[in-house]
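Visitor: I'm new to this one, and I'd like a close look at a single part. Could you walk me through the sheet and whatever lies across it?

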Amino acid sequence: MAGNLSIRIEQSFAAISPESWSRLAGASRESSSAAVPYNPFLSHAFLSSLEQSGSATAKTGWHGHHLLLETEEGMLIGAIPAYLKSHSQGEYVFDHGWADAFERAGGRYYPKLQCAIPFTPATGPRLLVASGDDRETMQATLAAGLQEVTRQLGISSAHVTFVPENEVEVFEEADYLHRTDQQFHFINEGYADHDAFLETLASRKRKALKKERRAALENGISIDWLTGSDLTEDIWDQFFAFYMDTGGRKWGRPYLTRSFYSMISSRMADDILLVMAKRDGRYIAGAINFIGGDTLYGRHWGCIEDHPFLHFEVCYHQAIDFALTRGLKRVEAGAQGEHKLARGYLPVTTHSMHYIAHPGLRRAISDYLDRERQEVDGMNEYLSEHSPFRKGERQQDD
């Protein structure tokens, strides 16, 4: 390792002090800067809760293998949150085909290193460096260190998912393969309120969304925003029932445990927004969002009653309302979903980087990714041309 720096592996966030981690990832929205906005998923509170709640552990196939870059005196100056994984579930960047092909050819794809936030398809820094340090050098050291750890472990690959665009070049220079995909984000162009945003849409689209929002709240449905001290254990019991019902039908087995919600509620309640739908005096549906320095991150939703358009209202329209109220720059509404386009969420490109140790597998994947990137670019261009915005007023992804 360069100079007097070294990389070591830490298996548990419980062994990393919140104070030293906050030097890398930021401690709160209040302490974040415009240059590096606070990302709640990178907080010690969020990552330690995933592990301590039993959601992301060796037992569930997420064995902590966090890379810590330290000085000779043991000061933490860089890190990559990473997990040794025995499967490809809960990642939202799909490599099952790569695993099947390699194992049919006699290789062993698992375990692999997954550098990501478990169960969270949200872009954020992966090469974490303390402010004031030589960022470019430290990031390059971390990218190279990840390769070396992969080789020392004798495993097939390391995958760094939902990488910000400003880290792509660092990984490319270290000979990682570049993969792209698509999400849909709402960009706040300084709208005063939701009506001001709607005025930028084509007339037909604007009328359709107004009608959709009215229909969603028929049958006596009302919406509450709950955050901070509103998030009681009773509220979490109700939301968890929604999560288990919908998640069980969607994924087979939901990823997050009930204790996870209690932990994040006690550690970062002011960073959480629950959008809850109520009918006849009880909550019937809800969506969880996380509040960053400049972004509202929509994660998952659930319901115990089905009502037309309620999913769109709770997950997308209300998220825009909240973001505009708080002056947030964007809403990231999770993975995939072309249905978000009609509701003002435009296609943006997401990035992941992959170190493949086996030369043959690397060549095959490289050829595939060349074609896939072209397809993603073409689809994003096509969808942008069919956005609901009036000509000349269409939002731009950034």
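Guide: Here is the sheet, strand by strand, followed by the helices on it. This is a predicted model, with local features needing pLDDT of at least 70 and side-chain atom pairs counting only at pLDDT 80 or more, while totals for chains, interfaces and linings use all residues. Residues are numbered from 1 along each chain as its sequence is written, and side-chain values use heavy atoms, leaving out hydrogens and water.

So, the sheet: it's open, it has four strands, and reading across you meet β1-β3-β4-β7, paired antiparallel. (Strands are DSSP runs of E, at least two residues, and helices are runs of H or I, at least four, numbered from the N terminus; two strands pair if DSSP finds at least two bridges between them.) At the edges sit β1 (6-10) and β7 (128-129), each pairing on one side only.

Now zoom in on β3, residues 66-70, and β4, residues 76-80: four bridges join this antiparallel pair. One bridge to look for links glutamate 70 to its partner leucine 76 in β4.

Next, what lies across the strands? Helix α1 (residues 18-25) lies across β3, β4 and β7, at about 70 degrees to β4. Helix α4 (residues 135-153) lies across β1, β3, β4 and β7, and its angle to β3 is about 135 degrees. Contact here means heavy atoms within 4.5 Å, and angles run from 0 to 180 degrees between N-to-C directions, with axes fitted to C-alpha atoms, for helices over the stretch in contact.
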